[in-house]
Amino acid sequence: NNYCIQVKPGPGYEMISETDYLVGTEESDYNQLLNVLKNKKIEYIIHLLSLHNDDEDKDLAFMEKRKQNGLYSAFFLTKGLVKNQYQKCNIIFISRNVYKVTGKETTYTPENAALFGFAKVIHQEYPNLHCMCMDVDNTTSVNAVMKNINERTLLYKEVFLHSIALRDNIRYIQELSECEVKTGTVKNVSIKAGNTYMITGGTGGIGLELAGYLAKENNINLILLNRSGFPDKDQWERIVCENKNSELISSINIMKTIEQSGSTVTCYAVDIADYSALKHTIHKIHTAFGRISGIIHSAGIPGRGFIINKDIDQLKTVIAPKIEGTRYIDILTGSDNPDFFIMCSAMSVHFGTQGQSGYNAGNSFLDVYASYRNMKYSNTLSINWAAWKETGMAVRHKARSDTVFYGLSNQAAIHAFAHV
């Protein structure tokens, strides 16, 4: 006989009856629940908690609530299922206002995209857990939802449906197709002499390549933000002469070349996921240089390890530059109304990668944040980069640069950046 178990949010784990439970916001709550239910032969889990994420962006507290209802809940759920050795389970994550589908959407919730990005990795790490993400709108009926859940075993062009959207009860499916690159996705933008441009992750390999490109366009003030900081200029000659750190020396030489061309380079050490610290840094930038004319957000931390081996703090560390960092930068530079706001995401966001659940969640957030921000401002773009073959995370961590998509040389990557 089929039966339904209902789990509602509460102050902590509690069994109300055989079919009614409460669960709190701690990993132990989920583990306790799934331990109790592991002999029930649960075949389907329908995750609806992120449907509560419709509150307006009134303050920064909403961001934590949205992550708790979506990403963190999925993280604890997955760990609990694996830890309690569930053999086969279908998980349907249902959320709202995630993707731009018809172009008629009136709002987006980027934190819900982070949930979907995380979910794409679950099945790759645990093949017995089959996941589908369903993005619904305010007109979606319960019948349409259930119809698509019941039909989820159907194949579409011989591909299992991992992600769908329902708009006016019509189903849409994500596809990748080849298309012509439209020059000037970011419109009416020129790099103006004497203006100030800020790059997060600016002293990393990709950040410096993008800095070099901007400096070639005009003599500008480049602001490079980096969490770990960078040696002061009066130390550069000594570091180069000592010849002990080839990567650092390469970065110094790039900055020196930029300054020799007529631009200025100023580095600030700041954790962009620390609101107070970032606010202080942005204030210093405004005092010294005035308006920030453009922003490239390339900061990121790679994930490491399967979901079962991570704790919540490790997940938070990986997503922080992408989620908190993005929102904080946007808030604190809002009065600048930058000419462009460009975020560096990754092509892997479309498929997920084992061991990169948090990184995939963060990049998924960036992609939807571009749509979200463009409703208020303009010229916001999230670039899904393939791996750079000569610099960046892929090189530093010795990851394969050629996967489904061929890796990019620095020249090819900069050429592509110039065309968007």
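How many bridges join strand β15 to β16, and in which sense do the two strands run? In this predicted model, 6 bridges join β15 (residues 340–346) to β16, and the two strands run parallel. The pair belongs to an open sheet of 6 strands, and a separate description below covers an open sheet of 5 strands with mixed pairing, followed by helix α5 and the contact of α3 with α11.

**The sheet of 6 strands**

- The strand order is β13-β12-β11-β14-β15-β16, and the pairing is parallel.
- Because β13 (264–269) and β16 (380–385) stand at the edges and have a single partner strand each, one side of each is left without a neighbour in the sheet.
- From one strand to the next, the twist of this sheet averages 20°.
- Within the pairing of β15 with β16, the bridge partner of F341 is T380, which lies in β16.
- Helix α7 (residues 246–260) packs on the sheet, where it touches β12 (221–226) and β13, and the direction of α7 makes about 140° with that of β13.

**The sheet of 5 strands**

- This open sheet has the order β4-β5-β6-β9-β10, and its pairing is mixed.
- β4 and β10 (170–173) are the edge strands, each of which pairs on one side only.
- Neighbouring strands of this sheet are turned by 25° against each other on average, with direction ignored.
- Strand β4 (residues 44–47) pairs with β5 in the parallel sense over 4 bridges, and the bridge partner of H47 in β5 is F93.
- β5 also pairs in the parallel sense with strand β6 (residues 129–136), over 8 bridges; in β6, the partner of F93 is C133, while that of I94 is M134.
- Strand β5 (residues 89–96) is largely enclosed by the rest of the structure, because 8 of its 8 residues are buried.
- C89, I91, F93 and S95 point one way from β5, whereas N90, I92, I94 and R96 point the other way, and all are buried.
- Helix α2 (residues 61–83) lies across β4, β5 and β6 and runs at about 160° to β4, whereas helix α4 (residues 142–150) lies across β4, β5, β6, β9 and β10 and runs at about 150° to β6.

**L166 in strand β9**

- L166 has its place in strand β9 (residues 163–167), and this residue is buried, because its relative accessible area of 0% falls under the 20% limit.
- Leaving aside residues up to four places away in sequence, L166 touches M134, D135, V136, D137, T140, A144, V145, N148 and R171.
- L166 and L315 are 149 residues apart along the chain, and their C-alpha atoms are separated by 29 Å.

**Helix α5**

- The 13 residues of α5 (residues 205–217) should span 18 Å at 1.5 Å a residue, which agrees with the 19 Å between its end C-alpha atoms.
- Its buried residues are I206, G207, L208, L210, A211, G212, Y213, L214 and A215, and what covers them includes β11 (196–200), β12, α7, β14 (292–297), β15 and α13 (410–419).

**The contact of α3 with α11**

- Helix α3 (residues 110–125) and helix α11 (residues 357–374) pack at an angle of about 145° with their axes 7 Å apart, and their crossing is right-handed.
- On α3 the contact is made by P110, E111, A113, A114, G117, F118, K120 and V121, and on α11 by S357, N360, A361, S364, F365, V368, Y369 and Y372.
- Sorted by class, this contact has 10 nonpolar, 4 polar and 2 charged residues.

Methods:
Residues are numbered from 1 along each chain as its sequence is written. This is a predicted model: local features need pLDDT of at least 70, side-chain atom pairs count only at pLDDT 80 or more; totals for chains, interfaces and linings use all residues. Side-chain values use heavy atoms; hydrogens and water are left out. Two strands pair if DSSP finds at least two bridges between them. Axes are lines fitted to C-alpha atoms, for helices over the stretch in contact, and angles run from 0 to 180 degrees between N-to-C directions. Contact means heavy atoms within 4.5 Å. The expected span of a helix is 1.5 Å times one less than its number of residues. Buried means under 20% relative accessible area, exposed over 50%, partly exposed in between (1.4 Å probe, protein chains only). A crossing is left-handed if the near helix is turned anticlockwise from the far one by less than a right angle, and right-handed if clockwise. Ala, Val, Leu, Ile, Met, Phe, Trp, Tyr, Cys and Pro count as nonpolar, Asp, Glu, Lys and Arg as charged, and the others, Gly among them, as polar.
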